[in-house]
Amino acid sequence: METSEVDEALFSCHILAIPYPGRGHINPLMNLCKLIIATPNVVLQVSFIVTEEWFSFLKSEPKPDNIQFRTIPNVIPSEKDRSKDLLGFKETVYTKMEAPVESILDGLPKPNVILADSFLPWAVRIGERRNIPVASFWPMSATVFTILYHHQLLLANGHFEASLTEQREELVNYIPGITPIYVKDLPPVFYSKDREMLPLLLEAISQLVNKAQYALFTTIEALESRVIEALEAETPFPIFTVGPTIPYLDTEFKTNQPSPNYFSWLDDQPKDSVLYISQGSFMSVSKEQLDEIIAGVHSSGVRTFWVVRDNASLLTDGVGNRGIAVPWCDQLEVLSHPSVGGFWSHCGWNSTKEGAFVGVPFLTFPIGGDQVTNSKQIVEDWKIGWRVNKESEKLVKKDEISLLVKSFMDLDSYQGNINKFIRDISRRPRQ
């Protein structure tokens, strides 16, 4: 357990932050805590609870001194293996984390507020028992929350358990605040093998709606204003949009750290010429689809910056100085680099917010979960991207990918000029 170097009694406000144990949940909650800490004229202390394994990953990352980690035992022996049984992992988080977190509370000054990921529904129970208000932090889009919140409407209209093959092109146009959306663009928990996850998601929604004192949405209000307005009109809890909660403040905490080598490669590339490709782990697509993506992107001749954990040589063999592959990068800074002109993304919500914030056009390739709905928002609602896989069950072949990538990155084409306009009006410079 990390020990505080500052006398906690000096702080006027103590926040207990509890993220769900996953990178896509930890990062935005930590970014929100950094923003809160930066509030002028308020003396704050944040106790940030993570498992021992996540502490080993996070302890060297930059953060303010008055954010202190507190550790609990791992949920499973190695949380890196949670993808092998995601449902089992989530069920364990729902049932096994509550007791060790409460034991941490026994050794801390009473927090003024608990700031907890919405996918930890037991955090609200802890707040009730200890008379501590709970702010529930929803880590996906407000749009996805609204769709789940109105699952009874989907049930009444026959779309709750819709067959993807039979009803995929049916239009859902009755959810308050949501622009018309096809069944195929709803979160797959309503129509795919992910259906087994739905009860846990609905439990999280129920606890937030009925028990939490506040709901925090990590979104940019201008992008989801209709959804937020509709929610505010019919929900019993105060709603706050806290912005994108992306790491744009991290440069303040990075002292005497040299730029990674990949920036030297980016510096050598022409403006807007590089396609940044990140699919999360990326190997979660099928081997057959991955081979088609690699072949298609290489055939396009476009400069590429790949983020991939394994088999990096597969991505850069034969492309010479037109490509680079890394196991990890500072995504926000890379997207902000002048040479990056496009973002091939799985459309995770954090990546979606970062790409929208920077102003880089998207090629969307969602794999599952909320990514499918995020892709629809990017392409149809915000009009800042193109779809790669228009039919999620269909293999996208290399020739189609090659033509799409080439056209997307061609600055002289009609669409290329539109993409350039998107970049030029919204580009955030690299810090």
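Reader: What makes the 7 strands an open sheet, and in which order do they sit?

Author: In this predicted model, the strands line up as β3-β2-β1-β4-β5-β8-β9, with parallel pairing. β3 (67–72) and β9 (239–241) are at the edges with a single partner strand each, so one side of each has no neighbour in the sheet. From one strand to the next, the twist averages 25°.

Reader: How do you know that β4 and β5 are paired?

Author: Two strands pair if there are at least two bridges between them, and 4 bridges join β4 (residues 113–117) to β5 (residues 134–138). That clears the cut-off, so they count as paired, and they run parallel. One spot to look at is Asp 117, which stands opposite Phe 137 in β5.

Reader: What about β8, which strands is it joined to?

Author: It has β5 joined by 4 bridges and β9 joined by 3 bridges, and both pairs run parallel. With at least two bridges needed, both count as pairs. On the β5 side, Trp 138 has Phe 217 of β8 as its bridge partner. On the β9 side, Ala 215 stands opposite Ile 239. To get from β8 to β9 the chain goes through helix α10 (residues 225–234), in a right-handed β-α-β crossover.

Reader: Which helices lie across the sheet strands, and at what angles do they run?

Author: Helix α1 (residues 23–37) lies across β1, β2, β3, β4, β5 and β8, at about 170° to β2. Helix α5 (residues 122–130) lies across β1, β4 and β5, at about 165° to β4. Angles over 145 degrees count as roughly antiparallel, so α1 is roughly antiparallel to β2 and α5 is roughly antiparallel to β4.

Reader: Why are α6 and α9 called roughly perpendicular?

Author: Helix α6 (residues 142–149) and helix α9 (residues 198–211) pack at about 100°, with axes 10 Å apart. The range for roughly perpendicular is 65 to 115 degrees, so this pair fits the name. Phe 145, Leu 148 and Tyr 149 make the contact from α6, while α9 brings Leu 198, Leu 201, Leu 202, Ile 205, Leu 208 and Val 209.

Reader: What makes α6 "mostly covered"?

Author: Of its 8 residues, 7 are buried: Ala 142, Thr 143, Val 144, Phe 145, Thr 146, Ile 147 and Leu 148.

Reader: How do you know whether Thr 364 is buried or exposed?

Author: Buried means under 20% relative accessible area, and Thr 364 has 0%, so it counts as buried. Thr 364 sits in strand β14 (residues 362–364). Among the residues it touches are Cys 347, Ile 378, Trp 386 and Arg 387.

Reader: What makes the link between Thr 364 and Ser 375 a polar contact?

Author: Their side chains are joined at 2.8 Å, and the limit for a pair of N or O atoms is 3.5 Å. The distance is within that limit, so the name applies.

Reader: Arg 387 has 15% relative accessibility, so why does it count as buried?

Author: The cut-off is under 20%, so at 15% Arg 387 counts as buried. Arg 387 lies in strand β15 (residues 385–387).

Reader: Which side chains does Arg 387 make polar contacts with?

Author: One is Asp 185, at 3.3 Å, and another is Glu 380, at 2.8 Å. Both distances are within the 3.5 Å limit. Arg 387 also touches other residues, including Thr 364, Lys 376 and Leu 404.

Conventions. Residues numbered from 1 in each chain as written. Predicted model: local features only at pLDDT ≥ 70, side-chain atom pairs only at ≥ 80, totals over all residues. Heavy atoms only, no water. Buried < 20%, exposed > 50% of the residue type's maximum accessible area, 1.4 Å probe, protein only. Polar contact = N/O pair within 3.5 Å; in protein donor to acceptor, adjacent residues only side chain to side chain. Contact = heavy atoms within 4.5 Å. Axes fitted to C-alpha atoms, helices over the stretch in contact; angles between N-to-C directions. Right-handed = clockwise from strand over helix to strand, strands pointing away. Parallel < 35°, antiparallel > 145°, perpendicular 65-115°, else oblique. Lists of a residue's contacts leave out its neighbours within four places in sequence.
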